[in-house]
Amino acid sequence: MAITVKIPAQLRGVTAGEGEVEVDGATVGEALDAVFDQHSELRERITEDGTLRRFVNVYVSGEDIRFQDGLDTTLSDGDEVTILPAVAGG
Amino acid sequence: MGVTGLRCKECGSAYELEAAYFCEECFGPLEATYDHAGLDPAEARRKIQAGSSSIWRYADFLPFAGGPPATRTSLEPGLTPLVRAERLAERLGLGEVWVKNDAANPTHSFKDRVVGVAVAKARELGFGTLACASTGNLANAVAAHAAAAGLDSYVFVPSDLEEQKLLATGVYGTRLVGVKGTYDDVNRLCTELSGSRPWAFVNVNLRPYYSEGSKTVAFEITEQLGWEVPDRIVCPIASGSLFTRIGRGFEEWLEVGLVEGALPTFSGAQAEGCGPVAQAYSEGWEICKPARPDTIAKSLAIGDPADGPYALELARRTGGEIEAVSDDEIRDGIRLLAETTGIFTETAGGVTVATLRKLAEAGRIDRRERVVVVITGEGLKTLDATREGFRMSEIEPTVEAFEAGAEVASAAA
């Protein structure tokens, strides 16, 4: 399944400047693992002990995955996964 | 002396004083750091008292070098009244209650404090356009400060906001964008846009500076109480930024010896229709589960509060709590404050007063405590919440008609 994962501008230093990474994955967790395979430094920036860090938000087509099944949220072909810092707003 | 840089609250990584808001190592929030070594408390007090009648009297404790920044706008926020609320205290069986009335700011909410700081920093950093994600009060403040500074602005709000808040934003000539979604959708959109637009989003890429403005609430309360720290603060929580930065303000002054005593007990106030921090508090969680807002307190309708973990930590560390109240309790809270103090607050203030009442009725507040209630905004911005609270008698313009009925009719519905 072709998934586009969007990376925040501030982290593009570890993705060789890429703002979007095309990967395959049936769930959000699989898609992120596929991104980490290409850009290994991203893994520890975004996750800790296999779970998302507490100030990282992940959205599938605009919907927060915490309202779905978290990293087990299933993806459909063409879905867009967006990684964003959670410390904005208010 | 003064501000030294930015630092990640989670991992401690250091950053320059630029438009940066999260740690690239761990995504933690950045906050301003200060060096107050060698500060003489007596001299610092004198300097503050000789300063302007606004937040800029505390410039040495804000993220600017060399006193009040030349880049500040002509809208001077702060130094709002702190009034003793004897009749409110009496109604609730409490000893000493004070109301910090932040509706008395240039755009009638505490947001002028944070925007005042963010806009001064934005201009210092060379930005020509301001932006924000807002539940309403921030929209008013950003639009007004942009107008005062002669800057362009984009204000993003949920499209179903109270009409009063939309009108009090649009009048300043901003580009008002109503987003079909919740505040959290607006916030996500602005976080994405901030990565590609060269704008100062006051509560995104300038958030470490913006949030510092809230410390001035603590500074003013301390100064207005005759350089004393109150025993308890009752304060609304949306993102948790105001709540936690008021705590930080007291801590800073206690650390440098500007005031003596202990950190107040922090009681947080949320609406039941959007109470992710109250829920995490009562469940014993360290992080919040996001909520889908459904409350009349739209200015507090943040389902994914950025500073939730820190608000929980502050409430627990100070022996406080975080409570949630219903929409009916919010309406009653607005009336209770209005009837006992003459202060008309918006729904967020209703949440705060209702929480005070709830704590008082549960016996959680000792009669010897000096309590300060932080009223963050103006009642004229959320008029719908008061529509059914009273009745007007309508009569012919004669003495007879008045005596026939209206005179005996009580003002209470």
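**Exercise 1.** Find which residue is the bridge partner of B:Trp98 in β13(B), and place the two strands in their sheet.

*Solution.* The bridge partner of B:Trp98 in β13(B) is B:Val372, in a model that is predicted, with pLDDT of at least 70 needed for local features and 80 or more for side-chain atom pairs, while totals for chains, interfaces and linings use all residues. Residues are numbered from 1 along each chain as its sequence is written, and chains are lettered from A and ligands numbered from 1 in the order in which they are written. Strands and helices are DSSP runs numbered from the N terminus (strands E, at least two residues; helices H or I, at least four). Next, β5 (residues 96-101) and β13 (residues 370-375) of chain B run parallel and are joined by six bridges; strands count as paired if DSSP finds at least two bridges between them. Finally, both belong to an open, mixed sheet of six strands in chain B, ordered β4-β5-β13-β10-β11-β12, whose edge strands are β4 (82-84) and β12 (321-325).

**Exercise 2.** Determine how α8(B) is oriented relative to α9(B).

*Solution.* The axes of α8 (residues 215-224) and α9 (residues 241-256) of chain B come within 6 Å and cross at roughly 55°, where axes are lines fitted to C-alpha atoms, for helices over the stretch in contact, and angles run from 0 to 180 degrees between N-to-C directions. α8(B) is therefore oblique to α9(B), since angles under 35 degrees count as roughly parallel, over 145 as roughly antiparallel, 65 to 115 as roughly perpendicular and the rest as oblique.
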